[in-house]
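Q: Please pick one part of this structure and take me through it slowly. I'm new to this, so spell out the terms as you go.

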Amino acid sequence: MASLIHCPHCGVRPKEEFSIRGDASLVRPDPEASDEAWNDYVHIRSNPRGRYREHWQHVAGCRRWLVVERDTFTHEVFSVTDAAAATVAREAGR
Amino acid sequence: MRYSAFSIVKNALTGNVNWKPAWRQPEPKPYYDVIIVGGGGHGLATAYYLAKEFGLKNIAVLEKGYLGSGNVGRNTTIVRSNYMLPGNEPFYEFSMKLWEGMEQDLNYNAMLSQRGIINLYHNDGQRDAYIRRGNAMWMEGVPAELLDRAALKKMLPFLNFDHARFPIMGGLLQKRGGTARHDAVAWGYARAADRLGVDLIQNCEVTGIRRDNGVVTGVETSRGFIGCGKLGLAAAGNTSRVGEMADLKLPIESHVLQAFVTEGLKPAINHVITYGAGHFYISQSDKGGLVFGAEIDGYNSYAQRGNLATVEHVMEEGVTMIPGLSRVRVLRSWSGVMDMSMDGSPIISHTPIDNLYLNCGWCYGGFKATPASGWCFAHLIAKNETHPVARFLRLDRFERGYPIDEHGAGPQPNLH
């Protein structure tokens, strides 16, 4: 894992300041969505070997939720964006 | 050649030049009745029991590297059956019983050492939780013993009993728990399976799963296409990648777990001890090194290497539990890729494809399960029906709402 993460709000910080939640590609289904949609969201993971988007929280900094795109094999970090900005971008792309 | 004290003496007296390789190096045949993907402990045990207990012939194990190159050679060698939930405990006790007869069965010295495993507790709530767990074990016929502080002080005088924040108040002991030589388990199963005619094909990576009319007809590999009647996946940390070849949607994340060994010491730690205030566990190998580990690093990873922050955390936990550890030097550390399931419990199951079977989700508890996992997976493949002790370990338990969550952590693999 990269030792330093470039937080869009706080600058370059050691990665120990961040807490990792998991897969950021999942979109929470509508409350009335089918059981299958909820099962996919809660339990099913693509678990790729390679590029992966992950939710991180900068708990020892700005406490913002971030989306970190990184490689699960080489541990290279490609980008760090604010999770709210990432959501706006995703919804604009729909 | 059958291994025995006699064979050791005889070969020693004849210059040790007559030992034969423990298994063949066969070329893959065009077709097998059963192919197992993954030549680790679970895959090799499955092939062995398929041949031995269920009478199947024409079986192959495909391994992308060398036999036992994955987690079976990377774990901290602990065997135990001190689980609480009814979906788990009978399965792990079945495994424990198989461990107890395994060396004779395989004609291989796996160095099983039932030295006892002790889970420490540090407060009243934790003591009550361990009493509950011990009672759950007794209900499945598995002896467990609660040790108070005085008993523990006598057995393990080196522990940090009076730590200000996490004083040690006692522990739960399973006397039959202990350790086994992990590589020997892989080698023993490999040799025994090979002697029953199983083809163990190394350096053979599966790159695709060929299907026709919704059933598996064979696998594409780095050594060409190999046809099969039934396919079993035992690919551990790479389960999601192999599963994807058959369009399986799996409740698995791959995480990295580190382990450590120190320089060799005189006998100092005679049990397996786990810390109740963290996830630290330690035992001493027969060679003298202290073998220990703790939590997974906490992020998805397919790399067999971990992070320094976790190394520091593990060392801190170890020194908090046993202050004397601070004067021991660590010799090596290594990592393995864990197939973490969404409830922390394993999967031995049918899949939506009729002749495709799945064995995964071992999290960081796969080693102790090796014999039972092999037996139950072989039962499932041979008879097309679930073994009674593995009946809760189904893939569809997640969508049906029946997770087996020992820790109560929810569907968050980095918390199990």
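A: What follows is a close look at one helix of chain B, then at its surroundings. This is a predicted model, in which local features need pLDDT of at least 70 and side-chain atom pairs count only at pLDDT 80 or more, while totals for chains, interfaces and linings use all residues. Residues are numbered from 1 along each chain as its sequence is written, and chains are lettered from A and ligands numbered from 1 in the order in which they are written.

Our part is helix α9 of chain B, residues 370-383. Helices (H or I, at least four residues) and strands (E, at least two) are DSSP runs, numbered from the N terminus. With 14 residues at 1.5 Å each, α9(B) should span 20 Å, and its end C-alpha atoms agree, sitting 20 Å apart. That expected span is 1.5 Å times one less than the number of residues. Just past the helix, N384(B) takes a positive phi of about 60°.

How much of α9(B) is covered? Mostly covered is the verdict, with 12 of its 14 residues buried. Buried here is 20 or more other C-beta atoms within 10 Å of a residue's own, exposed is 12 or fewer, and partly exposed is in between, with C-beta atoms placed from the backbone. Among the buried ones are T370(B), G374(B), F377(B), H379(B) and I381(B).

C376(B) is a handy one to zoom in on. It lies in α9 of chain B and counts as buried because 27 other C-beta atoms are within 10 Å. Leaving aside residues up to four places away in sequence, C376(B) touches I348(B), H387(B), V389(B) and A390(B). Touching, or being in contact, takes C-beta atoms, placed from the backbone, within 7 Å.

Now for a partner helix. The axes of α3(B) and α9(B) come within 7 Å and cross at roughly 105°; axes are lines fitted to C-alpha atoms, for helices over the stretch in contact, and angles run from 0 to 180 degrees between N-to-C directions. The two helices are therefore roughly perpendicular: that label covers 65 to 115 degrees, with under 35 roughly parallel, over 145 roughly antiparallel and the rest oblique. On the α3(B) side, the contact is made by F91(B), F94(B), S95(B), L98(B), W99(B) and M102(B), and on the α9(B) side by P371(B), A372(B) and W375(B). These residues split into eight nonpolar, one polar and no charged. Nonpolar takes in Ala, Val, Leu, Ile, Met, Phe, Trp, Tyr, Cys and Pro, charged takes in Asp, Glu, Lys and Arg, and the others, Gly among them, are polar.

Helix α3(B) also leads us to α4(B), whose buried residues pack against α3, β4, β5 and β6 of chain B. Those buried residues are Y130(B), R133(B), G134(B) and M137(B). Down the axis of α4(B), they fall within an arc of 100°, so they line one face of the helix; the arc is that of the directions from the helix axis to the C-beta atoms. The face turned away from this buried side carries exposed residues, including D124(B), R132(B) and W138(B). D124(B) and our C376(B) are 252 residues apart in sequence and 38 Å apart in space, C-alpha to C-alpha.

Finally, chain B has company: 22 of its residues are in contact with 16 residues of chain A.

Conventions
Contact = placed C-beta atoms within 7 Å.
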